[in-house]
Amino acid sequence: MNLASLGKPLIALELSLNSGQAFHWLREGNGWIGAIGEAAVYLEQRDNELLVNSGAEAAAESYLALNHPLERIAESFPKDPVTQDALAFCRGMRILRQPKWEALATFITSSMKQVAHIAQISHLLRRRFGKKVALGGTCVYTYPTPEALASLSEADLRSCALGYRAANLLATAQKIACGSVNLDVIGSLPDEQAQRALRELPGVGEKVANCALLFGFERLKAFPVDVWIERVIRERYFSKRRKSTPAAIRAFCAKTFGPYGGYAQQYLFHHARLTWKKG
């Protein structure tokens, strides 16, 4: 495989690909292999140099968001010990610029699931209903299009370990496939309007909408609040006298973490998930 260099950008490749943003990248030799859109892509970081299979340079640069100003983003974080510990643990992690449909669909399937389970679902959907593409001697699978999923039955999707999420994914795919919902149009809306539009889709509540906005629509202020983030905020930022209702936590996050709140959220999430003791 011929590799091309993308130079030595500030990026922690493994952290970025394997931190609960995307769920399909697999180890391949000294690097990672997966799909970006319809293309199979190999990525490797060697002595801080970022390498990609020849011909996929532009796709990789966009997907890895190499234009995000990481140093400026880090400077914008609150200077409290909790956030700074997460920053040190995750330094170099970038928020991936994923396809809108793929991010939305993936997080519809993520409800009440752990990262390993979400990855299992993603791989099953890709293998059964996505497109097979080869790179060297390895094959990967693209995420199935809305049209591909819309033609299936709920039972087909339940066979991919989706459970009750199958109905939501199917109904959302059908809305997009028939043209009644246009994700590009939603992507042109201001943040609050885009969130409201996404929340009209089956299976999309506030948390899933914010995940889609952050990871698929590049709304870097979006701050998804899941069980890990709720725990971090409640235990580390709220005193015992302070009300820690979900609404209070959401308001605190929106006020505290600023225009790059999505980066702070991902760092706090990944740090807590890997370092905090369970229970």
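The following exercises, each with a worked solution, concern a predicted model of one protein chain.

**Exercise 1. Overall form**

Determine whether the radius of gyration of the protein chain agrees with that of a compact globule.

*Solution.* The chain holds 15 helices and seven strands. For 279 residues, a compact globule would have a radius of gyration near 19 Å; the chain has 19 Å, so the two agree. The C-alpha trace spans about 55 × 45 × 40 Å along its principal axes. Buried residues account for 51% of the 279 residues. Of the contacts between residues at least 6 apart in sequence, 69% join residues at least 24 apart.

**Exercise 2. Two residues with positive phi**

Compare the settings of aspartate 47 and alanine 65, and state whether each is buried or exposed.

*Solution.* The background is that most residues other than glycine have a negative phi. Aspartate 47, although not a glycine, has a positive phi of about 50 degrees. Its place is the loop between strand E4 (39-46) and strand E5 (49-53). With a relative accessible area of 68%, aspartate 47 lies over the 50% cut-off and is therefore exposed.

Alanine 65 also has a positive phi of about 50 degrees and is not a glycine. This residue belongs to the loop between helix H2 (57-63) and helix H3 (70-76). Its relative accessibility is 0%, so alanine 65 counts as buried.

**Exercise 3. Helix H13**

Identify the buried residues of helix H13, the helices that help to cover them and the residue that caps the N-terminal end.

*Solution.* Helix H13 comprises residues 227-236, and its buried residues are Trp228, Ile229, Arg231, Val232 and Ile233. An α-helix has 3.6 residues a turn, so residues three or four places apart point the same way. The cover over the buried residues of H13 includes helix H4 (81-90), helix H14 (246-256) and helix H15 (261-275). At the N-terminal end, aspartate 226 acts as the cap: one of its side-chain oxygens is 3.2 Å from the backbone nitrogen of tryptophan 228.

**Exercise 4. Aromatic rings**

Classify the ring pair of phenylalanine 107 and phenylalanine 215 and that of phenylalanine 252 and phenylalanine 257.

*Solution.* The model has ten aromatic pairs. In the pair of phenylalanine 107 and phenylalanine 215, the ring centres are 5.4 Å apart and the planes are at 15 degrees, so the pair is stacked. This pair links distant parts of the chain, since phenylalanine 107 is in helix H5 (residues 100-108) and phenylalanine 215 is in helix H12 (residues 206-216), 108 residues apart. Both phenylalanine 107 and phenylalanine 215 are buried.

For phenylalanine 252 and phenylalanine 257, the centres are 6.3 Å apart and the planes at 85 degrees, so this pair is edge-to-face. Phenylalanine 252 and phenylalanine 257 are both buried. Ring pairs also join them with Phe223, Tyr237 and Phe238 in a cluster. A further ring, that of phenylalanine 217, has lysine 100 over its face, 5.8 Å from the ring centre.

**Exercise 5. Nonpolar cores**

State which residues touch the most other members of the largest nonpolar core, and list the contacts of leucine 198.

*Solution.* The largest nonpolar core has 73 residues, among which Trp101, Leu104, Leu157, Leu169 and Leu198 touch the most other members. H12 supplies the largest share of this core, seven residues. Leaving aside residues up to four places away in sequence, leucine 198 touches Leu104, Leu183, Ile186, Val204, Ala209, Ala212, Leu213 and Phe217. A second, separate core has 18 residues, including Trp32, Ile36, Leu43 and Ala60.

Terms used. Residues numbered from 1 in each chain as written. Predicted model: local features only at pLDDT ≥ 70, side-chain atom pairs only at ≥ 80, totals over all residues. Heavy atoms only, no water. Helix = DSSP H or I, 4+ residues; strand = E, 2+ residues; numbered from the N terminus. Buried < 20%, exposed > 50% of the residue type's maximum accessible area, 1.4 Å probe, protein only. Contact = heavy atoms within 4.5 Å. Polar contact = N/O pair within 3.5 Å; in protein donor to acceptor, adjacent residues only side chain to side chain. Phe/Tyr/Trp six-rings, centres within 6.5 Å; stacked < 30°, edge-to-face > 60°. Lys NZ or Arg CZ within 6 Å of the ring centre and 35° of its normal. Core = buried A, V, L, I, M, F, W, Y, C linked by side-chain atoms within 4.5 Å. Rg over C-alpha atoms; globule rule 2.2 N^0.38 Å.
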